[in-house]
Amino acid sequence: LFNLSSDFSIDATLKGNKTRYANHSDDPNIEPRLIRVNGDSRIGFFAIKDIGQEEELFFDYGYSTEIDNEQLFKPNHAHKFPWMKR
């Protein structure tokens, strides 16, 4: 879920593009920004550092420090997929 405000959230589970696969990191390479396009709210992801070809995208989910971190799913960022040829 991506919270737009206290009243509205976006859930890309059923409908969304490839950015729904971007993972959390404390050292992100992209950041989300809420933008308006023809009167509609959109979420854009913008690079905050150089990103290599086929490099995985990460942004800071903004986890609250009050959430029990043991209950959060945190992928192993050290894992390399076959298409990540580093």
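In which sense do strand β4 and strand β5 pair, and over how many bridges? They run antiparallel, with 8 bridges between β4 (residues 30-37) and β5 (residues 40-47). Two strands count as paired if DSSP finds at least two bridges between them. Before going further, keep in mind that this is a predicted model: local features need pLDDT of at least 70, side-chain atom pairs count only at pLDDT 80 or more, and totals for chains, interfaces and linings use all residues. Residues are numbered from 1 along each chain as its sequence is written, and side-chain values use heavy atoms, with hydrogens and water left out.

Now for the overall picture. The protein has 6 strands and 0 helices, so going from the N terminus you read β-β-β-β-β-β. Both kinds of element are DSSP runs numbered from the N terminus: helices are H or I with at least four residues, strands are E with at least two. Of the 86 residues, 14% count as buried. Here buried means under 20% relative accessible area, exposed means over 50%, and partly exposed is what lies in between (1.4 Å probe, protein chains only). The protein exposes about 7400 Å², and carbon and sulfur atoms supply 50% of that. Those areas come from the Shrake-Rupley method with a 1.4 Å probe; for residues, only the protein chains shown count as cover. As for contacts (heavy atoms within 4.5 Å), take those between residues at least 6 apart in sequence: 48% of them join residues at least 24 apart.

Back to the hairpin. β4 and β5 have 2 residues between them. At the turn end, Val37 has Asp40 as its bridge partner in β5. Further along, Arg33 is bridged to Gly44 of β5. Asn38 sits in the loop between the two strands, and its phi is near 50 degrees, a positive value in a residue other than glycine. That's worth a look, because most residues other than glycine have a negative phi. Asn38 counts as exposed, at 79% relative accessibility. Glu54 also has a positive phi, near 65 degrees. You'll find Glu54 in the loop between β5 and β6, where its 44% relative accessibility makes it partly exposed.

Next, the charged side chains. How many salt bridges does the structure hold? There are 3, each being a side-chain nitrogen of Lys or Arg within 4 Å of a carboxyl oxygen of Asp or Glu. One joins Lys49 and Asp27, at 2.7 Å from N to O. This pair ties together distant parts of the chain, 22 residues apart: Lys49 is in the loop between β5 and β6 (58-59), and Asp27 is in the loop between β3 (23-24) and β4. Lys49 is partly exposed at 37%, whereas Asp27 counts as exposed at 51%.

Another salt bridge links Arg33 and Glu31, whose closest N and O atoms are 3.0 Å apart. Arg33 is partly exposed, with a relative accessible area of 39%, and Glu31 is partly exposed too, at 30%. Arg33 has a further partner: its charged end sits over the ring of Phe46, 4.4 Å from the centre. To count, CZ of Arg or NZ of Lys must be within 6 Å of the ring centre and within 35 degrees of the ring normal. Asp40, the bridge partner of Val37, forms a salt bridge with Arg42 (3.8 Å, N to O). Asp40 is partly exposed at 40%, and so is Arg42 at 43%.

Finally, turn to Phe45 in strand β5. Which residues does Phe45 touch, not counting those up to four places away in sequence? They are Thr19, Ile30, Glu31, Pro32 and Phe59. Glu31 is also the salt-bridge partner of Arg33. Phe45 and Phe59 are 14 residues apart in sequence, with their C-alpha atoms 8.8 Å apart in space. Together with Tyr61, these two form one aromatic cluster, and the structure holds 2 aromatic pairs. Rings of Phe, Tyr and Trp (its six-membered ring) pair if their centres lie within 6.5 Å; planes under 30 degrees apart count as stacked, over 60 as edge-to-face and the rest as tilted. Is Phe45 buried, exposed or partly exposed? It is partly exposed, because its relative accessible area of 26% falls between the two cut-offs.
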